[in-house]
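Reader: I'd like to learn how to read helix packing from a model. Could you walk me through it?

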Amino acid sequence: MNKNNTKNNDVYIDPEIGEKLKKLRNDNNKSMRQVGEELGINYTYISKIEKGYIPSMKLLKDLCTIYNVEIKDLFGDSKPVPKELEDIGVEWITFAKDMQNQELTPEKIKEYIDIVERFRNIK
């Protein structure tokens, strides 16, 4: 089917988006009927959406809200952030990346910490 085909106000996207939406629905342990009820649409339309058809950005955003993901996650290979990294926080991840960019290994940083600790103990 032509990606620009518009029938009944539907816009053909890519089946990959539909597959991601289906996986998100299954990951959230929801049936098509449950999602349809939450959105106020017929559950059979969920099947159509999961095959690559989307009626509007609003519905796409509403689906993302139900599945607790951002719309950008549907377009690309973004992965959810593992819980361990969420607990660390962006500041520490950024700091680690900065240290890596400055070619500071964890061992070198530990050496610097030891030096600072020795200076603190001189007092």
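Author: Sure. Helix 2 and helix 3 are roughly perpendicular to each other, and keep in mind that this is a predicted model.

Reader: How do I read a pair like that in general?

Author: Two packed helices are described by the angle between their axes and the distance between the axes. Here, the axes of helix 2 and helix 3 cross at roughly 105 degrees and come within 7 Å. Angles of 65 to 115 degrees count as roughly perpendicular.

Reader: Which residues of helix 2 and helix 3 make the contact?

Author: Helix 2 brings Met-32, Arg-33, Val-35, Gly-36 and Leu-39, while helix 3 brings Tyr-43, Ile-46, Ser-47 and Glu-50. Sorted by class, the residues of this contact are 5 nonpolar, 2 polar and 2 charged.

Reader: And at what angle do the axes of helix 3 and helix 4 cross?

Author: At roughly 100 degrees, with the axes of helix 3 (residues 43–50) and helix 4 (residues 57–67) coming within 13 Å. Helix 3 and helix 4 are therefore roughly perpendicular to each other. Tyr-45, Ile-46, Ile-49 and Glu-50 of helix 3 meet Leu-59, Leu-63 and Tyr-67 of helix 4. That contact of helix 3 with helix 4 has 6 nonpolar residues, no polar ones and 1 charged.

Reader: Let's stay with helix 4. Which of its residues are buried?

Author: Leu-59, Leu-60, Leu-63, Cys-64, Ile-66 and Tyr-67 are buried. Look down the axis of helix 4: the buried residues fall within an arc of 160 degrees, so they line one face of the helix. On the other side of helix 4, Lys-58 and Thr-65 are exposed.

Reader: What do the buried residues of helix 4 pack against?

Author: Helix 1 (15–27), helix 2 (32–39), helix 3 and strand 2 (53–54).

Reader: Then the ends. What sits around helix 4?

Author: In the loop between strand 2 and helix 4 you'll find Ser-56. A polar atom of the Ser-56 side chain lies 3.1 Å from the backbone nitrogen of Leu-59. Ser-56 counts as partly exposed because its relative accessibility is 31%. Just after helix 4, Asn-68 takes a positive phi of about 60 degrees.

Reader: One last residue: is Arg-25 buried or exposed?

Author: Buried, with a relative accessible area of 6%; the cut-off is under 20%. Arg-25 lies in helix 1. Leaving aside residues up to four places away in sequence, Arg-25 touches Lys-30, Ser-31, Met-32, Val-35, Ile-46, Glu-50 and Tyr-67.

Conventions: Residues numbered from 1 in each chain as written. Predicted model: local features only at pLDDT ≥ 70, side-chain atom pairs only at ≥ 80, totals over all residues. Heavy atoms only, no water. Axes fitted to C-alpha atoms, helices over the stretch in contact; angles between N-to-C directions. Helix = DSSP H or I, 4+ residues; strand = E, 2+ residues; numbered from the N terminus. Parallel < 35°, antiparallel > 145°, perpendicular 65-115°, else oblique. Contact = heavy atoms within 4.5 Å. Nonpolar A, V, L, I, M, F, W, Y, C, P; charged D, E, K, R; others polar. Buried < 20%, exposed > 50% of the residue type's maximum accessible area, 1.4 Å probe, protein only. Arc of directions from axis to C-beta. Polar contact = N/O pair within 3.5 Å; in protein donor to acceptor, adjacent residues only side chain to side chain.
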